[in-house]
Amino acid sequence: MSADTNRSNPLDRVLSIEIARVTERAAVAAALWRGRGDERAADQAAVDAMRQELDKLDVDGEIVIGEGERGEASSLFIGESVGNPEGPGVDIALDPLEGTTICAKNLPNALTVIAIAAKGSLLKAPDVYMEKIAIGPGYPADLVNLEQSATENLTAMAKAKGVPVSRITACILDRPRHAKLIEEIRTLGASIRLIGDGDVAGVIHTTDPEETGIDVYMGIGGAPEGVLAAAALRCTGGQMQCRLQLNTNEKRARAEEMGVFDPYRIYTLEDLAGGDVIFAATGVTDGNLLDGVRIYANRIETHTLVMRSYSHTVRDIRARHYNRGKFGVEV
């Protein structure tokens with residue numbers, strides 16, 4: 001690749017270590033609230049820490065997925081500008097604390113996550129529910145489809161994988177709205193991993209089923225989380241389809257304000273996160289893919305994954321931070 005081409009890609013100015021610092025800072029801030037039962041305080045600590053670190057990036061970032069729509073959040077709201085106004089323009093999707101309840105209860109798989117992509121590459125999704133199905137790499141194209149039943153999708157996966165359907169495990173949020181879906185899957189004979197929160201982590205887990213035991217993510221979760229999960233899948237490979245749940249006039253009006261005019265459209269992986277994408281996630285609590293923050297007398301340890309779609313690389317970063325003061329932790 002020529003030097004001119006390198007300069008034309010705005011993400012070449014966002015090094016992996018820089019994006020890792022953003023999620024590391026938020027993860028440590030949230031980790032100080034693990035198990036203390038205060039979801040709001042944990043989330044606010046992560047928001048404040050991530051906002052501070054984002055302004056150090058040499059990009060002109062616009063938050064397209066954040067803490068809420070303008071007027072609903074005081075910081076990291078949709079449309080907010082972060083970083084350096086003189087830098088290259090990028091879209092930013094983030095969740096300073098994926099799994100606030102998980103963190104407050106000190107349960108597995110709380111994360112801090114962020115995705116950065118070229119301007120106009122990430123779907124500006126309203127903060128509504130979104131139906132999703134996602135699988136990891138290695139399957140034939142268009143294997144799963146939201147227009148098919150769970151039985152059809154899981155049967156197709158089992159056939160493609162060369163295993164009985166009883167060897168397929170679906171990850172689903174443990175919510176009353178999924179009662180019929182859960183019943184259908186169990187009747188089929190497949191396994192289910194129910195999670196209380198954290199559907200970004202649920203989708204990411206499909207990328208390495210041998211490690212996580214999860215083959216497919218199914219069900220209805222948040223639309224912002226869908227975009228973040230799609231950004232991760234773009235980097236590792238996989239398939240994903242989503243459909244916004246715009247079942248009221250108020251939700252449809254909010255969606256139209258953000259450029260979404262077809263309430264029934266099925267979005268593909270590339271629709272949700274196109275172009276070149278960098279994604280980072282740092283563990284807050286221990287989980288299937290990431291260890292949580294460790295705080296020792298003389299250091300803090302973090303575990304981060306940094307992925308990029310252009311190069312299809314996944315960097316596993318285990319960092320020791322001996323300057324605890326930079327995280328606001330007393331030395």
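1. How many Å separate the centres of domain 1 and domain 2, taken over C-alpha atoms? The separation of the two centres is 23 Å. This is a predicted model, and the protein is divided into domain 1, covering 13-122 + 277-327, and domain 2, covering 129-272. To the contact between them, domain 1 gives 27 residues and domain 2 gives 23 residues.

2. On the largest pocket: the space in it comes to about 520 Å³. It is lined by 25 residues, and those closest to its centre are Asp95, Asp127, Asp197, Gly222 and Glu225. By type, the lining divides into 10 charged, 8 nonpolar and 7 polar residues. Anyone preparing a calculation on this pocket will find those charged residues in the count.

3. Where does the lining of the largest pocket come from? Strand S3 (89-98), strand S8 (216-222) and helix H9 (223-236) each supply at least two of its residues. The largest share is that of S3, with 5 residues. In terms of domains, both domain 1 and domain 2 contribute at least three residues each to this lining.

4. Helix H9 also holds alanine 229. Is alanine 229 buried or exposed? It counts as buried because its relative accessibility is 1%, and the cut-off for buried is under 20%. Outside its neighbours within four places in sequence, alanine 229 is in contact with Val200, Val203 and Met240. For valine 203, which lies 26 residues away along the chain, the C-alpha atom is 6.0 Å from that of alanine 229.

5. Threonine 302 is in strand S13, which runs over residues 300-308. Its relative accessible area is 4%, so threonine 302 is buried. Which side chain does the side chain of threonine 302 meet in a polar contact? The partner is the side chain of histidine 321, at 2.8 Å. Histidine 321 also appears in the list of residues in contact with threonine 302, where neighbours within four places in sequence are left aside. That list further holds Glu24, Val28, Thr282, Val293, Ile317, Arg318 and Ala319.

6. Helix H4 spans residues 100-105 and contains alanine 104. With a relative accessible area of 6%, alanine 104 is buried. Which residues does alanine 104 touch, not counting those up to four places away in sequence? They are Trp33, Gly35, Arg36, Gly37, Asp38 and Glu39. For aspartate 38, the C-alpha atom is 5.6 Å from that of alanine 104, although the two are 66 residues apart along the chain.

7. Two asparagines follow in the loop between H4 and strand S4 (111-118): asparagine 106 and asparagine 109. Each has a positive phi without being a glycine: near 55 degrees for asparagine 106 and about 80 degrees for asparagine 109. Backbone checks on this loop could start from these two values.

8. What is the relative accessible area of asparagine 106, and what is the relative accessibility of asparagine 109? Asparagine 106 has 44% and is therefore partly exposed, since that class lies between the limits of 20% and 50%. Asparagine 109 has 15% and so counts as buried.

Notes:
Residues are numbered from 1 along each chain as its sequence is written. This is a predicted model: local features need pLDDT of at least 70, side-chain atom pairs count only at pLDDT 80 or more; totals for chains, interfaces and linings use all residues. Side-chain values use heavy atoms; hydrogens and water are left out. On a 1 Å grid over the protein atoms alone, a cavity is a set of points where a 1.4 Å probe fits but cannot get out, and a pocket is an open set with protein on both sides within 12 Å along at least five of seven lines; lining residues have an atom within 4 Å of a point. Grid points are joined across faces, edges and corners, and a volume is the space filled by probe spheres set on the points. Helices (H or I, at least four residues) and strands (E, at least two) are DSSP runs, numbered from the N terminus. Ala, Val, Leu, Ile, Met, Phe, Trp, Tyr, Cys and Pro count as nonpolar, Asp, Glu, Lys and Arg as charged, and the others, Gly among them, as polar. Domain bounds come from an automatic or database domain assignment. Buried means under 20% relative accessible area, exposed over 50%, partly exposed in between (1.4 Å probe, protein chains only). A polar contact is a pair of N or O atoms within 3.5 Å; within protein, one must be able to donate a hydrogen and the other to accept it, and residues adjacent in sequence count only if both atoms are side-chain atoms. Contact means heavy atoms within 4.5 Å.
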